[in-house]
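Open your viewer, switch to a cartoon view and keep the selection box handy. We will go from stop to stop, picking residues as we go.

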Amino acid sequence: MSNRRPSERLALPRRTLLRAGLTTAALPGLASLLGTPAAVAAPLTHRGPGVVRSNRPMLSHGIASGDPTSNSAVVWARADRTARMYVEVSRSPRFEKSQTVRGPVLTSSSNYTGQVDLHGLRAGQEVFYRVHLEDPDRHGVRGPALDGRLVTAPVHRSDVRFLWSGDMVGQGFGSNPDLGGIRIFERMRSLSPDFFLHSGDSIYADGPLQESVTLPDGRAYRNVVTQEKSKVAETLAEYRGQWAYNLLDANVRDFSAHVPQINQWDDHEVLNNWYPGEILEDPNYTEKRVDVLAKRARQAFLEWMPIRDTPHDPEGRVYRKISYGPLLDIFVLDMRTYKDPNTPGLETVPDGGVLGWRQLEWLTEGLTKSCATWKIVANDLPIGLVVPDGDLIEGVAQGDPGAPKGRELEIAGLLSTLRRRKVHNVVWLTADVHYTAAHHYSPERASYTDFAPFWEFVSGPLNAGAFGPNALDSTFGPEAVYVHAPDRAGASPMEGFQHFGEVEIDGRSGELTVRLRDQEAKVLYSKKLSPERH
């Protein structure tokens with residue numbers, strides 16, 4: 001159990017570059033308040049109570065935080081109109097001795113979203129923040145504030161505990177008012193994790209909702225429906241509306257306000273099983289060029305998720321490393337942007353893979369150089385599960401139990417390099433397949449043997465149809481040690497089989513424990529791993 005558990009609950013924020021204006025605040029005043037030196041100076045003012053008048057700017061979709069480090073975190077918000085964003089920061093939930101950071105003006109160019117990247121925070125502590133908006137043309141005219149809480153990473157050995165899952169509002173199952181909305185987020189919030197790793201399929205842009213779905217047992221599953229969620233997303237406005245839909249749910253907003261996020265994307269942020277260069281034949285789409293759709297989807301993703309901008313990276317990469325103290329580095333992968341076309345997956349020479357050469361090099365070198373005890377690889381596609389795309393292959397494994405072929409060649413090279421370089425304590429976390437499982441990979445069971453044994457844990461869905469289990473490909477010797485899946489495809493959230501995972505690292509022993517939980521937070525399976533010493 002972490003020694004940095006929250007004492008009181010609060011809320012969280014979000015991000016955007018110069019579409020709304022990105023503010024990075026690393027400030028002497030903030031550093032003095034929170035107890036750590038700041039590297040960059042910028043204006044910081046303490047503001048007293050403002051005047052609340054009619055026709056004032058409002059926070060329309062809550063607040064959120066993301067990409068926490070030992071001294072920084074991103075705070076996100078969305079306005080209902082053009083407004084200036086302010087973030088008040090304190091070590092106390094009562095906001096005693098707080099400081100206020102002047103953020104960007106949120107405009108229509110970014111869908112009125114924006115973020116402040118707070119720097120100079122103190123390591124390993126709770127930070128309480130409050131976001132309010134002000135009319136940029138009427139000084140002091142502001143809307144009501146929302147409060148949030150985040151936890152910064154430690155710099156010394158300390159307990160770490162986080163959750164992960166994926167697959168949200170899919171297969172026609174949205175926020176159901178009869179169930180109290182998407183309540184799995186309330187269950188996750190009640191555990192007070194340090195952060196949440198969202199493993200992708202955060203929206204189903206290709207999954208329209210209807211007001212009611214009749215289940216096999218005759219019950220009706222009711223959905224909250226918006227205009228944007230009533231058809232597949234094609235325009236930028238429709239993609240933005242997918243993200244706005246999730247935040248209509250009070251459970252999701254409350255969770256976002258209390259738990260920092262580390263977000264990646266998978267396929268449904270654009271459309272099912274997509275790859276660069278694809279041309280659609282689906283009659284539901286008037287825009288057939290997937291590259292055009294992906295560009296719009298990426299913009300909406302970066303506007304609506306609390307993800308740190310990297311100014312020196314013009315590519316705007318989704319893949320990145322988050323260092324969370326001496327015990328943990330998280331490598332967030334992007335297995336979409338650089339993916340080769342879906343084929344039967346039987347190629348015998350490398351042909352692109354799912355990572356691309358630059359990301360593969362980044363991951364290989366990052367894992368090799370990491371000094372953290374545990375290296376978590378957040379892979380949005382599982383390694384050894386066969387994920388089909390009709391007669392083609394969507395994922396890595398293709399069902400051929402022999403030597404690596406197709407995209408397996410890329411993974412085989414990575415695993416072999418890690419073995420030769422003696423990179424230990426690598427654990428893979430994924431979602432995508434809509435059930436939960438624990439997979440152990442071993443060369444003793446494998447056709448390809450040039451790698452060290454490792455674990456991959458699967459969790460999900462958060463609020464979508466439940467499936468599984470998928471077939472395992474024995475190329476890398478996986479064993480399904482535990483599986484929890486329905487006996488039919490597409491089981492609704494009313495039938496259970498919604499899941500999230502929990503990872504806890506003991507600060508003293510360095511042991512890592514994985515718990516697979518159901519929608520009520522019940523522990524279904526637990527595995528404790530001891531670190532290999534270098």
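Which residues does glutamate 238 touch, not counting residues up to four places away in sequence? Select glutamate 238 and show its surroundings: the contacts are Glu228, Lys231, Val232 and Ala233. Before going further, please keep in mind that this is a predicted model.

**Stop 1: around glutamate 238**

Colour residues 236–246 and you have helix H3, where glutamate 238 is found. Glutamate 238 counts as buried because its relative accessible area is 15%, and the cut-off for buried is under 20%. Now draw a distance from the side chain of glutamate 238 to the backbone nitrogen of glutamate 234; you should read 2.8 Å. For a longer-range partner, pick alanine 205: it is 33 residues from glutamate 238 in sequence, yet the C-alpha atoms are 8.3 Å apart.

**Stop 2: the largest nonpolar core**

In soluble globular proteins, nonpolar side chains tend to be buried together. Here, the largest nonpolar core has 44 residues. Select Phe185, Met188, Tyr239, Val270, Leu271 and Phe301, the members that touch the most other members. Next, colour the helices H2, H3, H4 (250–258) and H5 (290–304), each of which supplies at least two residues of this core. H5 gives the most, with eight residues.

Stay with phenylalanine 301 for a moment and display its neighbours. Leaving out residues up to four places away in sequence, phenylalanine 301 touches Trp243, Asn263, Gln264, Trp265, Glu269, Ile307 and Val318. Apart from this core lies another, of 30 residues; Trp164, Phe195, Ala438 and Phe457 are among them.

**Stop 3: the second largest pocket**

Rolling a probe the size of a water molecule over the atoms shows where empty space is left. Turn on the surface and look for the second largest pocket, with a volume of about 380 Å³. To find its centre, select Asn425, Val426, Pro453, Phe454 and Glu532, which are the closest to it of the 20 lining residues. Helix H7 (408–420), strand S19 (426–430) and strand S21 (454–458) are the elements that give two or more residues to the lining. Colour the lining by residue type and you will find 13 nonpolar, four polar and three charged residues.

**Stop 4: backbone oddities**

Most residues other than glycine have a negative phi, and most peptide bonds are trans. Where can you look for exceptions? Go to the loop between S21 and strand S22 (478–484), which holds proline 461. The peptide bond from glycine 460 to proline 461 is cis, with omega near -5°. Proline 469 is also found in the loop between S21 and S22, and the bond leading to it from glycine 468 is cis, again with omega near -5°.

Now select asparagine 111, in the loop between strand S5 (99–106) and strand S6 (113–119). Although it is not a glycine, asparagine 111 has a positive phi of about 65°. Is asparagine 111 buried or exposed? It is buried, because its relative accessible area is 14%.

Finish at valine 169, in the loop between strand S9 (160–165) and helix H2 (184–190). Valine 169 is not a glycine either, and has a positive phi of about 60°. With a relative accessibility of 1%, valine 169 counts as buried.

Terms used. Residues numbered from 1 in each chain as written. Predicted model: local features only at pLDDT ≥ 70, side-chain atom pairs only at ≥ 80, totals over all residues. Heavy atoms only, no water. Helix = DSSP H or I, 4+ residues; strand = E, 2+ residues; numbered from the N terminus. Buried < 20%, exposed > 50% of the residue type's maximum accessible area, 1.4 Å probe, protein only. Contact = heavy atoms within 4.5 Å. Polar contact = N/O pair within 3.5 Å; in protein donor to acceptor, adjacent residues only side chain to side chain. 1 Å grid on protein atoms, 1.4 Å probe; cavity = no way out; pocket = protein on both sides within 12 Å on 5 of 7 lines; lining within 4 Å. Points joined across faces, edges and corners; volume = space filled by probe spheres on them. Nonpolar A, V, L, I, M, F, W, Y, C, P; charged D, E, K, R; others polar. Core = buried A, V, L, I, M, F, W, Y, C linked by side-chain atoms within 4.5 Å.
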